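Got your viewer open? Here is a walk through the fold, with a list of what to select at each stop and what you should find there.

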Amino acid sequence: MQLPRHCTAVLLALITATAASAQTPAPAAPEPGEATFEVFLRGAGAGRIVVHLTRTAAGWTISSTGRVGDLVTNRFELKYSPDWQPTDLRIEATQGQKQFQISTSFGVTTAINEITQNGTTSAKTDQVSARTVVLPNNFFAAYEALAVRLAGSEIGAEIPLYVAPTAEVKLTVVSITPESIRVPGTTIATRKYAVRIQNVGATVDATITIDGRSRFARLEMPAAGLSVVRNDLAGVSARTLTARNPTDSDVTIPGAGFNLAGTLTVPPGVGRLRHATIVLVAGSGPVDRDESVAGIPIFSQLAGALAERGFLVLRYDKRGVGQSGGRTETVTMQDYADDLIGIVKWLAKRDDVDPRRITVVGHSEGGSIGMLAGAKEKRIASLVLVATIGMTGADLVLEQQRHQLERMEISDADRQAKIDLQRKIQQAVITDKGWETVPPELRKQADTPWFRSLLMFDPARVMPDVKQPLLIVQGDLDTQVAPGNAEKLAELARARKKAGSVDVVHLPGINHLLVKATTGEVSEYSQLADKTIDPEIADRIAIWLKR
């Protein structure tokens with residue numbers, strides 16, 4: 001399923017298997033038709049599926065063909081009655097060189113499965129809830145039925161999911177966020193449902209977006225680095241519209257072979273001046289200029305607050321995201337730093353920018369990107385590192401995984417086995433050796449240039465070349481980048497020779513998303529009542545820069 005990848009997603013294999021039942025409101029009627037979906041794993045294209053939703057007097061039929069990785073779907077057909085009671089499932093597919101078939105017939109509370117693989121057929125019967133939603137793993141056309149059920153749900157609703165032919169699990173609706181997505185020629189009104197799926201020993205968070213026709217539009221599963229996006233929303237020109245500031249204006253920044261798209265926020269009520277300027281750099285993952293997570297547009301809020309304090313602020317869509325060009329399959333952290341350097345050079349030529357006062361404010365991985373850029377580009381006058389790691393990327397991933405495992409109800413032996421597997425994965429990513437000890441599906445997730453560059457990133461190696469003054473800002477309820485990272489960064493920065501000053505600010509009660517929280521856990525993000533970043537963050541940055 002994509003932790004918000006504001007630092008990095010922990011590679012955990014979560015197994016689905018627990019029973020549940022639920023009562024849900026009557027679903028809305030969707031609009032039949034065809035849709036094509038693009039599938040991405042950790043930002044890289046992994047496949048495409050074509051989905052058909054049809055309606056007859058007998059009810060609803062969802063059919064699909066396509067490919068996801070080495071899984072080729074020759075036939076997917078899932079039938080529901082008019083009131084969305086499942087009646088029949090047929091799957092014919094090939095994975096690698098192996099063919100398999102699944103045939104499931106549903107009663108009101110039973111699922112009778114026949115599974116054929118390599119010429120051998122086995123049978124299995126499961127008890128299911130009435131009007132369960134059938135959701136076999138990796139067959140994303142089935143989410144059309146879940147979209148219908150979500151359309152008739154409210155916050156707190158529980159929906160049974162049958163992961164055919166395995167078991168039934170429970171989905172809980174955590175939050176519902178209306179969104180508008182701008183695409184060429186029109187704006188699509190959508191609703192994003194943050195959901196929690198109860199698995200054995202753990203919960204898995206995801207977001208599912210549906211459109212006004214009650215059709216499935218997008219799936220994000222952070223822990224798996226998985227995105228499934230309908231093609232009208234998958235283009236680089238598609239962009240979620242969030243809150244804008246009164247003095248926002250959109251800009252295009254020329255790059256090496258592609259353009260980056262961004263938004264400038266200028267201080268209100270000023271004439272033609274050369275402004276002290278701030279560039280906001282977002283964390284990891286497919287993050288747009290507003291850095292929206294769990295309904296919180298972090299960067300649009302921060303840009304507005306800093307502009308009110310007298311700064312010109314630029315935020316931008318990362319390459320391959322929103323309206324920015326470029327591709328992400330081969331991107332590394334240094335590539336993102338080079339993009340940032342190009343932005344700084346572009347700003348330095350503008351009449352409304354003071355080229356001697358350009359500051360980079362990086363959030364989470366954006367802070368590490370800022371360090372890489374600052375080590376090479378003298379036009380960057382100062383750096384603000386917000387929730388930024390002070391350890392290697394490899395150590396960070398292990399620390400994040402330990403934290404997640406501590407919250408799971410599993411044995412010490414299972415916990416240690418997952419940690420050992422994670423170490424094997426990381427060693428294989430770094431050295432390109434030992435892949436034979438790693439499950440193939442995990443290699444597909446981990447073996448990317450970006451993940452390799454993250455694991456190998458070491459602030460201790462970069463910091464000696466960073467000559468700029470530094471402000472380090474850390475929320476003390478951050479569970480993705482623990483507060484101790486701020487002290488580690490400060491220690492490295494103060495050991496530099498002939499470098500600028502170093503200041504550290506700790507913010508009690510603030511989580512990784514820069515808002516007030518109770519626990520700071522990732523699982524709490526979608527439940528936060530206050531969607532406003534703490535104003536002290538902009539205050540501290542402005543005071544430090546003006547000083």
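In the hairpin of S4 and S5, which residue takes a positive phi? Select the 5 residues between the two strands and look for Trp 84, which has a phi near 65°. Bear in mind as you go that this is a predicted model.

**Stop 1: the hairpins around S4**

Stay where you are and show S4 (residues 71-80) together with S5 (residues 86-95). The two strands run antiparallel and are joined by 9 bridges. To get your bearings in this pair, pick Leu 78, which stands opposite Leu 89 in S5.

Now add S3 (residues 59-68). S3 is antiparallel to S4 too, with 8 bridges between them. Here the pair of residues to click is Thr 61 and, across from it in S4, Lys 79. The hairpin of S3 and S4 has 2 residues between its strands, and Gly 69 has a positive phi there, near 60°.

**Stop 2: a helix on the inside**

Select residues 143-151, helix H1. Is H1 enclosed or open to the outside? Of its 9 residues, 9 are buried, so the rest of the structure largely encloses this helix. Charged side chains are part of that count: the buried residues include Glu 144 and Arg 149, along with Tyr 143 and Leu 146.

**Stop 3: two loops with unusual backbones**

As a reminder, most peptide bonds are trans, and most residues other than glycine have a negative phi. The next selections go the other way.

Go to the loop between S10 (158-163) and S11 (167-183), where you will find Pro 165. The peptide bond joining Ala 164 to Pro 165 is cis, with omega at about 0°.

Then move to the loop between S13 (202-211) and S14 (216-221) and pick Ser 214. This serine has a positive phi, near 65°. Is Ser 214 buried or exposed? Its relative accessible area is 6%, so Ser 214 is buried.

**Stop 4: the eight-stranded sheet**

Next, colour the open sheet of 8 strands, in the order S17-S18-S22-S19-S23-S24-S25-S26. Its pairing is mixed. Check the edges: S17 (248-254) and S26 (502-507) each have a single partner strand, so one side of each has no neighbour in the sheet. On average, neighbouring strands here are turned by 20° against each other, ignoring direction.

For a detail within the sheet, zoom in on S19 (residues 275-281) and S22 (residues 312-316). These two pair in the parallel sense over 4 bridges. Leu 280 has Arg 315 of S22 as its bridge partner.

Now bring up H5 (residues 365-374). This helix lies across S19, S23 (353-363) and S24 (382-386), and runs at about 140° to S23.

**Stop 5: from S24 into H6 and its neighbours**

Follow the chain out of S24 into the loop leading to H6, and stop at Ala 387. Ala 387 is not a glycine, yet its phi is positive, about 50°. Its relative accessibility is 2%, so Ala 387 counts as buried.

Carry on to H6 (residues 393-406). This helix of 14 residues reaches 20 Å from first C-alpha to last, close to the 20 Å expected at 1.5 Å a residue. Which residues of H6 are buried? Among them are Leu 396, Val 397, Leu 398 and Leu 405, as well as the glutamines Gln 400, Gln 401 and Gln 404. Show H7 (412-431) and H9 (449-456) as well, since what covers those buried residues includes both helices.

H7 and H9 also deserve a look as a pair. Their axes come within 9 Å and cross at roughly 105°. That angle makes H7 roughly perpendicular to H9. Show side chains for Gln 422, Gln 426, Val 429 and Ile 430 in H7, which meet Phe 451, Arg 452, Leu 455 and Met 456 in H9.

**Last stop: H3 against H12**

Finish with H3 (residues 298-308) and H12 (residues 535-546), which pack at an angle of about 45° with their axes 9 Å apart. That makes H3 oblique to H12. Leu 302, Ala 305 and Leu 306 of H3 make the contact with Ile 537, Ala 538 and Ile 541 of H12. As for the hand of this crossing, it is right-handed.

Methods
Residues numbered from 1 in each chain as written. Predicted model: local features only at pLDDT ≥ 70, side-chain atom pairs only at ≥ 80, totals over all residues. Heavy atoms only, no water. Expected span 1.5 Å × (residues − 1). Buried < 20%, exposed > 50% of the residue type's maximum accessible area, 1.4 Å probe, protein only. Contact = heavy atoms within 4.5 Å. Pairing = 2+ DSSP bridges. Axes fitted to C-alpha atoms, helices over the stretch in contact; angles between N-to-C directions. Parallel < 35°, antiparallel > 145°, perpendicular 65-115°, else oblique. Left-handed = near helix turned anticlockwise from the far one by under 90°.
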